[in-house]
Structures are given as C-alpha cells and as structure tokens.
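Here's a quick tour of this structure for anyone about to set up calculations on it. We'll go through cysteines, the chain contact, the open pockets and the closed cavities.

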Amino acid sequence: MEFAGSVFTLAITAIFVQNYVLARFLGLCPYVGVSKKLDSALGMGMAVIFVMTLASTITWLIHYYILVPDYVYLRTITFILTIAALVQFVEMVIQKIAPALYKALGVYLPLITTNCAVLGVSILNIDEKFTFIGSIFNGLFAGVGFTLVLVLMAGMRERLEEADVPESMRGMPLAFVIAGIMALAFLGFSGFKL
Amino acid sequence: MLKEFTKGIVKENPVFIMALGLCPTLAVTTSIENAIGMGGAATFVLLMSNVFISLLKNLIPSQVRIPAYIVVIASFVTIVDMVMHAYIPALHKSLGLFIPLIVVNCIILGRAEAFANKNNVGKSIMDGLGMGVGFTLALVLIAAIRELLGNGTLYGAPVMWESYRNSPMLMAILAPGAFVTMGLLMGLLNILNKKKS
C-alpha cells in the first residue's frame with residue numbers, strides 16, 4: 001500500500017504540480033512546434049513517454065553503476081550520448097518489429113534527442129536522489145504530463161485556427177499567451193501538499 | 001565580417017525570430033542577473049563549439065557529424081558547469097538544471113550544423129559571438145520586464161515605488177508571466193517588422 005501511495009504522489013507531482021512543460025519549462029520546442037495538429041501531438045507524446053521511461057531507466061543504471069564515484073563529472077556528456085544512441089536504437093527496433101507503430105511515431109523519434117525534457121528528467125532523477133524504481137516511474141509520469149499539456153494545447157490551437165485573431169499575434173505569439181493561461185491554471189495545483 | 005556578427009542580434013535573432021532555445025529563455029529570466037549568467041555561459045559554449053567545429057569540419061565524416069558535434073558541445077558545457085560551480089556558486093545554484101541543459105540548446109547545435117561546418121574559423125567566431133550576444137540581449141530584455149513587474153527592481157536595484165514593491169505583480173516572475181511576456185513581445189516585434197516593410 002505504501003508503494004502504491006508513493007507512486008501516486010509521484011504521478012500527481014510530475015503530471016500536475018511540477019509539470020515538466022508548464023512549471024519547469026522543459027521541452028518547450030516541441031510544445032510550441034508540434035502542437036498545431038491533434039494527431040501529431042498525440043504521436044509526439046507517445047514517442048516521448050516511451051523514450052523518457054527508457055532513458056530514465058538506463059541513465060540511472062549508468063550513473064550509479066559506472067559513473068559513481070570517479071567519473072561523475074562526465075554525467076552531461078554520457079547522458080546526452082546515451083539518449084542519442086537510445087533514440088537511434090529504438091527507431092531501428094520499432095522499424096523492424098512494429099512497422100505500423102514506426103509509421104505513426106517515425107518522424108517524431110529523431111526530434112526527441114534534442115528535447116531537453118528527456119535529458120532534464122534524467123538529470124533530475126539523479127539530483128533529486130530518486131531510487132531506481134522511482135526514476136522509472138518519474139520518467140513515465142513526466143512523459144504523461146508532457147503528453148497531457150501537448151494534447152490540450154493542440155486541441156485549443158486547432159480551434160483557434162478559425163478564430164479572428166489580430167494578424168501580428170497569429171501563430172507563435174498566440175501560442176505563448178495560451179501557454180501562459182494554461183500555466184496559470186496549472187499553478188493552482190501547486191498548493192497541493194503531498 | 002561585421003555582417004556575420006550583427007545578423008544574430010536583430011535580423012536573425014535566435015530567440016525572437018527563429019524561436020530557438022526557448023527552455024532557458026523562459027526558465028532563467030526571473031532576474032537580469034540570471035539572464036546575464038545564462039547568456040554568458042551559452043555564448044562561451046557557442047563560441048568555442050563554433051571554433052572547434054569549423055576547424056574540425058574536414059576531419060568529421062558527415063554520417064557521424066551530429067554525435068561528434070554533441071560531444072564537442074557537451075565538453076564545453078562540462079567546463080562551464082565546473083568553472084561556474086567553483087567560482088560563482090550562487091549563480092550556479094540558481095541556474096541549476098539549465099547549465100547542463102545548454103547541451104540540448106538548439107541554437108548551438110543549429111549554428112554548428114548551419115554555419116560552422118560550412119565556413120572558416122574567422123567567420124564562425126563572428127557568427128558565434130553575434131548569436132550569443134543576440135541570445136543574451138533577448139534574455140535580458142525578457143528578464144528586465146519580468147523583474148520590473150514581478151519584483152519592482154532592475155538588476156537588484158529598486159525602481160518602482162515602495163508600495164508597489166511590497167505587493168508586486170507576482171505572476172510576472174512565476175511561470176505564467178514568462179509565457180505571456182514572451183508571447184506579447186513576439187507580437188510586438190511582428191508589428192514593428194510590419195511597419196518597417
């Protein structure tokens with residue numbers, strides 16, 4: 001029961017209270033770049049959940065079994081190379097065993113290497129001293145939180161396509177203002193004490 | 001030569017025109033001090049990676065160029081991280097996670113791919129410096145607005161009247177303020193650009 005409780009706390013924190021996009025400012029490039037259409041937002045979100053969970057698992061193992069105690073200063077360089085290799089590997093595996101999934105996620109996978117949320121989660125797992133299981137769940141829920149706000153944003157932007165907006169605010173500027181309003185809503189969760 | 005430097009400041013400003021490097025732009029602009037720290041760190045990495053990549057451009061096979069660039073960039077980020085940790089620990093602490101994340105700042109990889117691997121060292125230095133200065137100025141502009149509204153100060157010095165400083169518009173330095181400031185600034189720039197042309 002205690003385990004389930006701590007997982008639940010982790011989920012609420014990563015998805016709502018400390019949302020990786022709206023509260024921690026991670027992964028903003030795909031957040032404004034891939035949120036024009038609902039289905040591409042969903043595809044990107046799924047790919048991010050998948051890679052984030054895997055990356056959290058592998059970087060945790062690398063940090064505690066290879067880098068500690070002598071090579072901790074190599075963390076940044078090791079993590080980013082691991083993530084780049086991982087993304088490449090996942091792309092090849094999915095292409096071989098699940099061509100349908102590859103077709104849906106394919107174009108988003110290469111973009112994930114430079115998604116700072118993935119590297120951010122990996123580093124935060126270490127900085128906040130999560131356990132191995134905790135890191136895996138944190139990666140998973142960070143991805144879910146990212147997908148949630150990405151899909152919400154895409155839904156709003158699809159509707160705004162038809163709205164009569166001043167020309168200079170169209171596109172990016174409006175996307176940021178909406179993101180601000182959304183962040184305001186998510187700020188309401190920060191009152192939660194867990 | 002001078003053109004390579006000035007283009008990064010206004011015409012191809014990495015933040016406002018190309019919308020690159022958004023995460024640090026919004027995350028660290030809670031005060032001008034943080035903005036300058038982040039801008040300086042990113043400029044150093046940008047300059048050094050441009051220099052090294054333009055020198056190594058004939059040695060790196062084009063199939064593995066992206067991983068090679070990432071290694072070069074990550075090495076300089078590690079240097080910045082360690083130097084800041086040793087000499088300016090307070091700033092290092094308030095920038096926190098965003099120092100290692102300079103590695104995935106798309107401005108740096110973008111300049112390596114789009115400029116440094118096609119041009120000589122001199123031009124790459126000017127390009128790196130110009131982009132770095134443009135990035136820093138953008139950060140300082142956003143930070144100035146947010147610090148003034150959210151804290152009533154500029155670079156730590158009190159600017160607004162006292163009763164404002166006692167109950168400032170707190171939202172400006174919280175997360176929503178960053179997004180709204182950025183959106184409105186981009187809209188304003190669009191208006192200015194349209195008037196010019």
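## The cysteine pair

B:Cys106 has a relative accessibility of 19%, so it counts as buried, the cut-off being under 20%. Across in the other chain, A:Cys29 comes out as partly exposed, at 23% relative accessible area. Keep in mind that this is a predicted model.

So why is A:Cys29 not bonded to B:Cys106? Their sulfurs sit 3.5 Å apart, which is too far for a bond; a disulfide needs the two sulfur atoms within 2.5 Å. B:Cys106 is in no disulfide, and A:Cys29 holds the cysteine sulfur nearest to it. Over all chains, the disulfide count is zero.

## Where the chains meet

How many residues of each chain are in contact with the other? On the chain A side there are 34, and on the chain B side 36. Put together, the two chains bury about 3,000 Å², and 86% of that is on carbon and sulfur atoms. In chain A, the residues that lose the most area to chain B are A:Phe25, A:Ser168 and A:Phe176, which together make up 22% of what that side buries.

For a single residue from the other side, take B:Leu184, which belongs to helix H9 of chain B (residues 175-196). Setting aside residues up to four places away in sequence, B:Leu184 touches A:Met169 and A:Val177. B:Leu184 still counts as partly exposed, with 49% relative accessibility.

## The largest pocket

Now for the open spaces. The largest pocket holds about 590 Å³. Its lining runs to 24 residues, and those nearest the centre are A:Pro110, A:Leu111, A:Thr113, A:Thr114 and B:Ile66. Both chains supply helices here: chain A gives two or more residues from each of H2 (28-33), H4 (75-97) and H6 (109-112), while chain B does so from H4 (65-87) and H6 (106-116).

Which element gives the most to this lining? That would be H4(A), with five residues. Sorted by class, the lining of the largest pocket has 15 nonpolar residues, seven polar and two charged.

## The second largest pocket

Next down in volume is a pocket of about 440 Å³. It is lined by 16 residues, with A:Arg75, A:Asp127, B:Asp81, B:His85 and B:His92 closest to the centre. Here at least two lining residues come from each of H4 and helix H7 (116-127) in chain A, and from each of H4 and helix H5 (89-95) in chain B.

In the second largest pocket H4(B) gives the most, with four residues. The class split for this lining is seven nonpolar, five polar and four charged.

## Closed cavities

How many cavities of 30 Å³ or more are there? The count is three. The largest cavity has a volume of about 90 Å³, and of the 13 residues that line it, A:Cys116, B:Cys23, B:Pro24, B:Val104 and B:Asn105 are closest to the centre. Helix H2 of chain B (residues 22-27) gives the most to that lining, with three residues. No charged residue lines the largest cavity; the classes there are ten nonpolar and three polar.

The second largest cavity comes to about 50 Å³. Chain A contributes A:Ile80 and A:Thr114 to its lining, and chain B contributes B:Ile70, B:Ile73, B:Val103, B:Val104, B:Asn105, B:Cys106 and B:Leu109. The elements giving two or more of these residues are H4 and H6 of chain B. Seven of the lining residues are nonpolar and two are polar, with no charged residues. B:Cys106, from the cysteine pair above, is one of the residues lining this cavity.

## A long-range contact in chain A

One last stop is A:Phe16, in helix H1 of chain A (residues 2-17). Which residue 170 places along the chain has its C-alpha atom 6.5 Å from that of A:Phe16? It is A:Phe186. Beyond its neighbours within four places in sequence, A:Phe16 is in contact with A:Ala11, A:Leu148, A:Phe186 and A:Phe189. With a relative accessible area of 25%, A:Phe16 is partly exposed.

Definitions and conventions
Residues numbered from 1 in each chain as written. Chains lettered and ligands numbered in written order. Predicted model: local features only at pLDDT ≥ 70, side-chain atom pairs only at ≥ 80, totals over all residues. Heavy atoms only, no water. 1 Å grid on protein atoms, 1.4 Å probe; cavity = no way out; pocket = protein on both sides within 12 Å on 5 of 7 lines; lining within 4 Å. Points joined across faces, edges and corners; volume = space filled by probe spheres on them. Nonpolar A, V, L, I, M, F, W, Y, C, P; charged D, E, K, R; others polar. Buried < 20%, exposed > 50% of the residue type's maximum accessible area, 1.4 Å probe, protein only. Contact = heavy atoms within 4.5 Å. Buried area = accessible area lost by both parts, 1.4 Å probe.
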